[in-house]
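Colleague: Could you walk me through this model before I start on it? I would like to begin with the metals and then move on to the packing.

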Amino acid sequence: MARHFDVLIRGAQLFDGTGSPARGADLGIEGERLAAVGSLDAATAALELDASGQAVAPGFIDVHTHDDFAALVVPDMGFKLRGGVTTCVVGNCGFGPAPFAEARAMAEAFTPGLSLAPYDGTRGYLERVEETEPGVNIAALAGHGTIRLAVLGREARAPEGRELEAMKAWVREAGDAGALGLSTGLIYEPGRYAETDEIAELAAELRGSGALYATHMRDEGAGLLDSVREAIAIGESADLPVQISHLKASGRENWGRVVEALALVEAAQKRGQTVFVDQYPYTAGSTVLRAVIQNEAFDPAQTSGGIGAVRPDDVVVASAVGHPEWEGQSIAALAEGFRLPPQEAAERIERDAPGATVVLHMMSEDDVETVMRHPATMIGSDGIPTLAGKPHPRLYNTFARVLGHYARDRGLFPLETAIHRMTGFAAQTFGLGDRGTLAEGAFADLVVFDPQRVIDRGTFEHPNRYPDGIEHVFVNGRHAVRHGALTEARGGRALRRATS
Ligand code: ZN
Ligand code: CU
């Protein structure tokens with residue numbers, strides 16, 4: 001008897017997300033799940049898509065995002081969906097979604113006038129995501145910086161016993177609510193005031209739960225290797241897997257050090273520790289200008305800031321609320337106009353446009369490729385969703401750029417490996433059950449794309465462009481992108497850590 005599905009995708013090259021090479025197969029979707037994978041010639045469906053010549057893969061999992069509030073206030077999430085992303089892990093770099101007041105204060109800088117009813121803790125956040133039904137699935141990390149801000153404010157000291165207990169309680173709350181782990185941002189205020197022990201003790205609250213420790217390390221410049229050692233030591237002490245966020249060597253004098261950083265990762269893996277990394281596929285990063293100022297990155301002689309030394313030419317304003325005329329201009333150019341040294345010019349910009357973000361051209365292409373080739377590497381956009389300014393093009397284009405530029409055109413690895421890094425590998429590491437691979441019974445998060453055409457189109461001048469070649473996206477069985485265009489269907493859910 002012929003089977004009948006809601007959706008039938010015919011004739012695609014199936015990349016199942018496990019890293020296996022593609023095979024020809026049809027896919028049948030029933031409701032929120034993938035009901036059948038194989039030869040479905042006799043089947044019928046309410047919607048049949050001819051995908052011959054196209055690839056079908058699990059929806060991309062963006063393991064490093066800052067979409068905590070975007071998911072609530074820009075719920076269509078078109079900037080992710082149009083790039084093939086079906087799940088975002090929020091709460092990175094120490095900026096988590098809870099406690100509410102502190103999380104909101106941090107987000108206000110990027111999204112002025114943000115109006116949101118309060119929620120209670122990570123549990124409340126995930127419930128709010130569920131009510132909102134954003135376009136993509138959202139999973140959350142607890143943010144150490146946000147928690148520290150709630151308990152200690154901006155004080156540059158270690159917590160006292162009571163304070164540490166209060167911070168632990170927030171970490172536990174997040175873990176119980178299904179957070180995937182704890183993140184730190186150790187170049188940022190107030191995360192940077194935490195010593196190793198404080199972080200290890202907080203992370204240990206999640207021991208045995210399957211959660212991980214994700215870190216924007218203390219120093220990605222001259223102190224890169226010590227920072228990797230610190231991350232690994234925290235994972236070892238807390239007995240948690242470690243996820244090193246956006247691994248890079250920042251600042252010219254540090255280029256090449258990613259090789260030694262990866263050697264430290266391998267050594268820890270050999271000792272039996274779980275240590276992985278993530279990366280965005282560009283030689284430029286992006287962050288808040290305030291962090292560049294606080295780490296004294298404009299001082300060419302500095303050797304202890306977490307960003308390394310950057311040239312004012314290489315730092316470009318991405319968003320400056322109230323001063324769009326600064327967006328797209330370098331700190332060097334603005335400093336000349338203000339007749340100020342770069343550091344003072346940056347301080348003025350931060351004063352007049354608090355929360356301004358910048359793009360920093362501070363990595364080498366060799367390093368980017370070295371990290372990407374490494375089998376420990378997953379893909380995370382690290383996009384900052386300042387949609388009104390000139391955000392880093394990674395916000396929209398990360399996954400298409402890895403597939404089109406790095407896998408197909410540069411030949412760094414086969415397409416199935418690229419896809420595995422952004423799907424099955426990520427789902428397994430972060431504990432996202434029934435996602436990341438296209439097996440019968442899995443949630444129907446999937447993307448149909450043209451492997452010959454897929455490519456990033458956003459540039460630093462014109463970042464707000466969607467990539468080419470992403471044809472269809474399904475999220476929990478809902479058809480979110482149809483022939484390259486966003487539909488009204490929003491299928492995203494709050495994802496909680498799968499306990500096995
Ligand atoms: Zn970061
Ligand atoms: Cu980040």
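Modeller: What follows goes through the metal site, the cores, one helix and a few backbone details.

Modeller: This is a predicted model, in which local features need pLDDT of at least 70 and side-chain atom pairs count only at pLDDT 80 or more, while totals for chains, interfaces and linings use all residues. Residues are numbered from 1 along each chain as its sequence is written, chains are lettered from A and ligands numbered from 1 in the order in which they are written, and side-chain values use heavy atoms, with hydrogens and water left out.

Colleague: OK, which protein donors does the copper ion (ligand 2) have?

Modeller: H64 (NE2), H66 (NE2), C93 (SG) and D382 (OD) are its protein donors, lying 2.1 to 2.3 Å from the copper ion (ligand 2). Donors here are N, O and S atoms within 2.8 Å of the metal (3.2 Å for Na, K and Ca), and as water is not among the atoms, sites may look incomplete.

Colleague: And what arrangement do the 4 donor atoms make?

Modeller: An irregular one, because the angles they subtend run from 83 to 165 degrees. Four donors would count as tetrahedral if all angles lay between 85 and 135 degrees, and four as square planar or six as octahedral if opposite donors were over 155 degrees apart and all others between 65 and 115, with anything else irregular.

Colleague: How far is the copper ion (ligand 2) from the zinc ion (ligand 1)?

Modeller: The two ions are 2.9 Å apart, and C93 coordinates both. H66 sits in the loop between β6 (60–62) and α1 (70–73) and D382 in the loop between β17 (377–379) and α14 (394–409), so this pair ties together parts that are 316 residues apart in sequence. Helices (H or I, at least four residues) and strands (E, at least two) are DSSP runs, numbered from the N terminus.

Colleague: Is D382 buried or exposed?

Modeller: D382 counts as buried, at 5% relative accessibility, where buried means under 20% relative accessible area, exposed over 50% and partly exposed in between (1.4 Å probe, protein chains only). D382 also has a positive phi of about 55 degrees although it is not a glycine.

Colleague: Switching to packing, which residues touch the most other members of the largest nonpolar core?

Modeller: Of its 83 residues, those are F60, Y125, L289, I349, L403 and F449, and α14 gives the most to this core, with 8 residues. A nonpolar core is a set of buried Ala, Val, Leu, Ile, Met, Phe, Trp, Tyr and Cys residues joined through side-chain atoms within 4.5 Å. Apart from that core lies another of 56 residues, among them V63, V89, V171 and A203.

Colleague: What about α8, which elements do its buried residues pack against?

Modeller: They pack against α7 (196–203), β11 (212–216), β12 (242–244), α9 (258–270) and β13 (275–279); the buried residues of α8 include L224, V228, I232 and G235. D239 follows α8 and has a positive phi, near 60 degrees.

Colleague: Last topic: which peptide bonds are cis?

Modeller: The bond from A98 to P99 is cis, with omega near 0 degrees, and so is the bond from E189 to P190. P99 lies in the loop between β7 (85–90) and α3, whereas P190 is in the loop between β10 (181–185) and α7.

Colleague: And what is F100 in contact with?

Modeller: Leaving aside neighbours within four places in sequence, F100 is in contact with L116, A117, P118 and Y119, contact meaning heavy atoms within 4.5 Å. F100 lies in helix α3 (residues 100–108) and is buried, with a relative accessible area of 12%.
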